[in-house]
Amino acid sequence: MLRRFRLEEPETVQEASQLLARHGEAARIYAGGTELLLVMKEGLAHYERLVNVKKIPHLDEVKLTDGFVSIGALSTHRQLLFSPVVRRHLPAFAGMEANVANIRVREVGTIGGNLCFAEPHADPGTLLLALGAKVIAAKNTGQREILIEKFFVDAYETCLEPDELLTEIRVPRLPARSGVAYLKFGYLERPSVGVALFLSLDGNGKSVGDARIAVGCVGPTARRIQEAESLLEGKSVDEASRLIAEAGAAAARASQAISDLHGSQDYKEHIVGVLLKRAFRQAVEQCRQRVEG
Ligand SMILES: Cc1cc2nc3c(=O)[nH]c(=O)nc-3n(C[C@H](O)[C@H](O)[C@H](O)COP(=O)(O)OP(=O)(O)OC[C@H]3O[C@@H](n4cnc5c(N)ncnc54)[C@H](O)[C@@H]3O)c2cc1C
């Protein structure tokens, strides 16, 4: 049962941060509430004050800038799925959003809430790692930019300070001749394995320039797997495609997969390899089609 709490309704990031600083552990940010209220209803946690951030203007905007796509932390999954900017400039992100949760959760659940809750079985963090995203954390006294790699610390733990809010996600615009694929597999409500791959081809389109590989859901946090990336970088596309099974094995080994309700460690590691192989084919195809930046 949900115990009584007080709802605070700040209208600026500064006010929200001050409330968090003043009330410490007794307060939590409330965005869509899809995670928070479940935890509170189950009696797993109780907060005396919920700081509803939905009245703070502009935090749900999605904008295109010269260098990146700016996604407000309060954008809902549904908004991102249908955003013309996201669909045009980050189609893999829109595709990922189409398969997050269910229609009810997508309608109210926010991207910020997803990232800040840091549930291991979540999709966006894995894809954002492969996209080379940064996030903006703001508090009363200013703001800082954090690489998404540094944001996730452990299961249910981020590097946000207690009085900080996540306000924005910055995703670099895709260069020409690049491709992105996110593939997941699961049979429970949330995914068991997620694999994301960003690939760019060099000027003549024959060899791999940059590769970013991320694996999520299998262990405590989503992670970049540089060992697997370096197997592909600088190789001709044919050679990289011959090495993709080896890259999959390296990604599986480094993914810190654990056995749980979603599958055994061996099983998850096997699926990582299968998904990476498919993601590679998709990303190469996109690289060849995507000539403009
Ligand atoms: C049935 C179900 C199925 C789901 N399936 C999937 C799935 O397949 N894939 C997937 O990726 N996710 C899945 N989810 C998770 C879903 O994406 C999240 O519940 C949702 O995005 C959380 O957003 P929210 O705004 O409701 O967060 P809230 O519940 O409001 O907040 C979650 C946590 O984040 C904190 N927080 C929220 N916003 C901020 C902020 N701006 N700054 C700092 N802290 C903040 C809150 O204090 C709280 O601790 C599922 C959830 C449910 C309930």
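1. Cys287 and its surroundings. In this predicted model, Cys287 touches Arg177, Ser178, Gly179, Leu199, Ser200 and Leu201, when residues up to four places away in sequence are not counted. Cys287 itself belongs to helix H12. Its relative accessibility is 0%, and because buried means under 20%, Cys287 counts as buried. Leu38 may serve as a point of reference for the span of the chain: Cys287 and Leu38 are 249 residues apart in sequence, and their C-alpha atoms are 41 Å apart in space.

2. The shell around the ligand. Thirty residues surround the ligand, and Ile29, Gly32, Thr34, Thr110 and Asp123 come nearest among these 30. By type, the shell divides into 15 nonpolar, 9 polar and 6 charged residues.

3. Polar pairs with the ligand. Which atoms of the protein and ligand should the student inspect here? For Thr34, a polar side-chain atom lies 2.6 Å from an oxygen atom of the ligand. For Thr110, an N or O atom in the side chain is 2.6 Å from an oxygen atom of the ligand. For Asp123, the partner is a nitrogen atom of the ligand, which lies 2.7 Å from a polar side-chain atom of that residue. On its own the ligand has 980 Å² of accessible area, and the protein covers 94% of this.

4. Elements that build the shell. Strand S2 (27–30), helix H7 (111–117) and strand S10 (165–172) are the elements that give two or more residues to the shell around the ligand. Which element gives the largest share of the shell? That element is H7, with 4 residues.

5. The nonpolar cores. The largest nonpolar core holds 37 residues, of which Phe93, Leu128 and Ile169 touch the most other members. Ile169 deserves a separate look. Leaving aside neighbours within four places in sequence, Ile169 is in contact with Val69, Ser70, Ile71, Ala73, Ile111, Leu115, Leu128, Ala133, Lys134 and Val135. A second, separate core has 33 residues, including Val195, Ala257, Ile271 and Val284. In soluble globular proteins, nonpolar side chains tend to be buried together.

6. The loop between H5 and H6. Two residues of this loop may be read together. Ala101 is found in the loop between H5 and H6, and it has a positive phi of about 55 degrees although it is not a glycine. With a relative accessibility of 46%, Ala101 counts as partly exposed. Asn102 is also placed in the loop between helix H5 (91–98) and helix H6 (103–108). Is Asn102 buried, partly exposed or exposed? Its relative accessibility is 35%, so Asn102 counts as partly exposed. The side chain of Asn102 reaches the backbone nitrogen of Val105 at 2.8 Å. The C-alpha atoms of Asn102 and His77 are separated by 10.0 Å, while the two residues are 25 residues apart along the chain.

7. Tyr187 and His262. Tyr187 lies in the loop between strand S11 (178–185) and strand S12 (193–201). Its relative accessible area is 48%, so Tyr187 is partly exposed. Not counting residues up to four places away in sequence, Tyr187 touches Ser192, Leu261, His262, Gly263 and Tyr267. How far apart are Tyr187 and His262 in sequence and in space? They are 75 residues apart in sequence and 7.7 Å apart in space, taken from C-alpha to C-alpha. A polar atom of the Tyr187 side chain also lies 3.1 Å from the backbone oxygen of His262.

8. Gln256. The loop between helix H11 (237–254) and helix H12 (265–289) is the place of Gln256. This residue has a positive phi of about 60 degrees although it is not a glycine. Gln256 is partly exposed, because its relative accessible area is 43%.

9. Gly24. Gly24 lies in the loop between helix H1 (13–23) and S2. With a relative accessible area of 31%, Gly24 is partly exposed. Gly24 and Arg49 are 25 residues apart along the chain, and their C-alpha atoms are separated by 9.8 Å.

Key: Residues numbered from 1 in each chain as written. Predicted model: local features only at pLDDT ≥ 70, side-chain atom pairs only at ≥ 80, totals over all residues. Heavy atoms only, no water. Near = heavy atom within 4 Å. Polar contact = N/O pair within 3.5 Å; in protein donor to acceptor, adjacent residues only side chain to side chain. Areas by Shrake-Rupley, 256 points an atom, 1.4 Å probe, with all protein chains shown as cover. Nonpolar A, V, L, I, M, F, W, Y, C, P; charged D, E, K, R; others polar. Core = buried A, V, L, I, M, F, W, Y, C linked by side-chain atoms within 4.5 Å. Buried < 20%, exposed > 50% of the residue type's maximum accessible area, 1.4 Å probe, protein only. Contact = heavy atoms within 4.5 Å.
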